[in-house]
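Work through the exercises below with the sequence and the structure at hand, and try each task before reading its solution.

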Amino acid sequence: MNQLCEKAPARRKTISYAKWGYLFIAPFFITYGIFKLYPLFLTFYNSFFENYRSGLKQVGPNFVGLANYIKLFTPDANGTIDILKYAGNTVVLWLGGAIPQIVIALLLAIFFTSYRLRIKGQQFFKTVIYMPNLIMASAFSMLFYTLFSNVGPVNQLLAQMGIIDAPVDFFAIQITVRGLICLMNFLLWFGNTTILLMAGIMGIDQNMFEAANIDGASSTQTFFKVTLPLLTPILVYTIITALIGGLQMFDVPQVLTNGAGTPNRSSMTLIMFLNNYLKTSKNYGMAGAISVIIFIVTGLLSLLVYRSLTQKD
Amino acid sequence: MKKALALLLALVMTLSLAACGASEPAATQAPAADKPATTPAAPAATEAPAEEGKVFNIYAWNEEFKGFFEKYYTVPEGVTVNWIINPSDGNMYQTKLVEALLNQADAPDDEKIDMFLAEADYIMKYADSEYTQDITALGVTDFSNTYPYTVQAASDANGVVKGVSFQCCPSALIYRRSIAKDVLGTDDPAEVQALLNSWDKFNAVAAEAKAKGYYMTSSEAETFRVFSNNGEAPLVDESGKLVLNDAIRAWQAQAKDFTDKGYTLTCDIWSDECTAQMFADGKTMCFFGPAWYFNFCMGNAQDPDKGCYGDWAICEGPAAHFWGGTWLLAATGSDNPTMLADIMDTFINDEEVCSNLIKNEAQFTNNQTVNAKFAEDPTYGNDFLGGQNDVAVFLELAKNIKFENKTIYDQELTEGLQGYWREYCDGEVTEAEAMANYYKYINEMDPEIVTP
């Protein structure tokens, strides 16, 4: 009896429900470790080696220190530093798609959730605007490629309407190639953003809007003073995911320009640049160095956006 | 009860993780998926080496040879021919091929490459490697009918023959008869040749064609091979440095000149825009190509409604050259050596098959005897060329083929140069920018080449 009494509290101390919690979250951490963390370190490691394939022969891996990074930041004969140029391209292409994407999505989300407008057939519109996101980006890109090719329907239409005499080579002009890429990215993603922002707005207590209304706030005031501040967490999330997605832009420009980033490599994004090194020559050294730089830039930018949007004044 | 349930759930989760996480344990734990499929085949192949494989794998980049193969080669009973076709665009074919060849030793017999196709621009890379095998050892020994350059191209540095070509590819100037009549006043091949037998004359005629509202060529890269084939040095020298020889520079100058003066359209030679010029309403007078070009690239010209079948003819043009050609290479490790040798022998030595290739497929074969027979046959004529005996023309041109100054990088170097130089021709970039972009492309594709 005595013994039992002594043992019981001792046993109770060891019972910890926390271990079940750890067990349940373990799968994520194990998969994360295997599929994310380990490759991440491997990328850093690889970036210090000369390691590529020349035809059927393998060269390396030979340790070369920072040579790959130095090569990346060495300007060419015309004074262009490649990686900065492609980073610039990526930012331009991203902004061109993301700004209209967020503005239009915000506008649509407000229209759809407004209890004053009460738009009919919401489900229909939501489905329609979300639809482009269901198409594979590469298929969508292929479609645009066909539409805007030199012998494609757009050129034929423009010629028939008498607007142009000779076919316009849309893929040889910087502004049209970039414009098309931005347009496609916008079309692909604005539906998704709208749905996210709508969820955010619907999560705001309706009393807030009513109170604002009773106090005589105009729609603009309600938007800037009530909706926007309360929507910030979702908006931050949207912008950060869009930013990361934007920095990793690949499929649309790759398919549209057949991997060449024409003209003058002005629609070549960072990931396309990375892919160029991996495609034929399996140049893990250079590709690793580019990946590391993209990783650092993405991390810094996410931090910046997060800070600037969550800071309370 | 709750504990038991929790434990069960946790077990399920960790198990499912193990199944999709680490591939090796999963494979040993769950043999259900692919093991039964491979096990019956593997012992059969290892136990009886005399019996050959049941699957014949061929890597190719288009359907051209597949068509001939299916029509003219009788596959031994019980053998399935498996075509693995990847287009050449963006080097995809070679990327996949290299991957498969490097894994060849570990692949199951039925998945091993038995034969693969290679093009003049990169055949050296494979012929001069351990991934292809000596076909004379397999039983292909009679090369007496073939063109010597085709054997040389498929041989390694020591002269060991690794494959054969089913075609010989002297390239000719292919012109639209109706446009030639309008511009030159004649469509007779001999007379047209006399008017176009040098670059000076060619350029002068281009101006006349332009004046009459025609294009001389449909792409600024159309004449690339005519120049590049006559280059005096390989594109990459012994020290691994990129050197654009005078012939390439001459092409670059002509491409820019022709674009500026409106003598040509600017587009890729494989693009729809280029081939659209072969329709009856096309405005282009000259194309360049070997016999394979007629059926493989000039489909639009043969279109029953919009085409212009018979409105074409060929002559040598400003300079003798050859273009491409498809070789069949024997992959090391093939489990179908007899069939492999038989295919190669058929396409170079079987006179009936070679005759059919000329008659039905408008090819110029790699069998000199058969070619000579058709060249001398007064009843033979190619209807697509308005009845002209193209074999006779190619027979003469074939004498000039020199397979020299080639490098293993030619395909990438050629494709890249045409693409980046086009941007300069179009006025999108300066010459320095175009060349800088080209060098970047080379550094990405072939890091060991030293660029200026």
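**Exercise 1.** Find out whether C315(B) is buried or exposed, and then work out how many disulfides the whole structure holds.

*Solution.* Begin with the surroundings of C315(B) in this predicted model: its relative accessible area is 4%, and because buried means under 20%, this cysteine counts as buried. Next, look for a partner: the closest cysteine sulfur belongs to C286(B) and lies 7.7 Å from that of C315(B), and since a disulfide needs two sulfur atoms within 2.5 Å, this is too far for a bond. Finally, extend the search to all chains, where 0 disulfides are found. C169(B) is likewise in no disulfide, as the nearest cysteine sulfur, that of C168(B), is 6.4 Å away; C169(B) is also buried, with a relative accessible area of 1%.

**Exercise 2.** Determine how many residues of chain A and of chain B are in contact, and which three residues supply the most of the area that chain A buries against chain B.

*Solution.* Counting contacts first, 37 residues of chain A meet 40 residues of chain B. Turning to area, about 3300 Å² is buried between the two chains, and carbon and sulfur atoms give 59% of it. On the side of chain A, L56(A), N264(A) and R265(A) together supply 21% of the area that this chain buries against chain B, more than any other three residues.

**Exercise 3.** Identify which helix gives the most residues to the lining of the largest cavity, and describe what surrounds the buried residues of that helix.

*Solution.* The structure holds 1 cavity of 30 Å³ or more, and the largest cavity contains about 110 Å³ of space. Its lining draws on both chains, with R53(A), K282(A), E412(B) and D446(B) among the residues, and it divides into 1 nonpolar, 5 polar and 6 charged. The greatest contribution, 4 residues, comes from helix 6 (residues 92-102) of chain B. Among the buried residues of this helix are Y93(B), L97(B) and L101(B), and the buried residues pack against elements of both chains, including strand 1 (49-54) and helix 12 (270-279) of chain A and helix 21 (410-425) of chain B.

**Exercise 4.** State which residues are closest to the centre of the second largest pocket.

*Solution.* This pocket holds about 810 Å³ of space. Of the 25 residues that line it, N150(A), V151(A), P167(A), L265(B) and E273(B) are the closest to its centre. Helix 7 of chain A gives the largest share of the lining, 3 residues, and the lining as a whole divides into 11 nonpolar, 6 polar and 8 charged residues.

Notes. Residues are numbered from 1 along each chain as its sequence is written. Chains are lettered from A and ligands numbered from 1 in the order in which they are written. This is a predicted model: local features need pLDDT of at least 70, side-chain atom pairs count only at pLDDT 80 or more; totals for chains, interfaces and linings use all residues. Side-chain values use heavy atoms; hydrogens and water are left out. Buried means under 20% relative accessible area, exposed over 50%, partly exposed in between (1.4 Å probe, protein chains only). On a 1 Å grid over the protein atoms alone, a cavity is a set of points where a 1.4 Å probe fits but cannot get out, and a pocket is an open set with protein on both sides within 12 Å along at least five of seven lines; lining residues have an atom within 4 Å of a point. Grid points are joined across faces, edges and corners, and a volume is the space filled by probe spheres set on the points. Helices (H or I, at least four residues) and strands (E, at least two) are DSSP runs, numbered from the N terminus. Ala, Val, Leu, Ile, Met, Phe, Trp, Tyr, Cys and Pro count as nonpolar, Asp, Glu, Lys and Arg as charged, and the others, Gly among them, as polar. Contact means heavy atoms within 4.5 Å. Buried area is the accessible area (1.4 Å probe) that two parts lose on being put together, summed over both.
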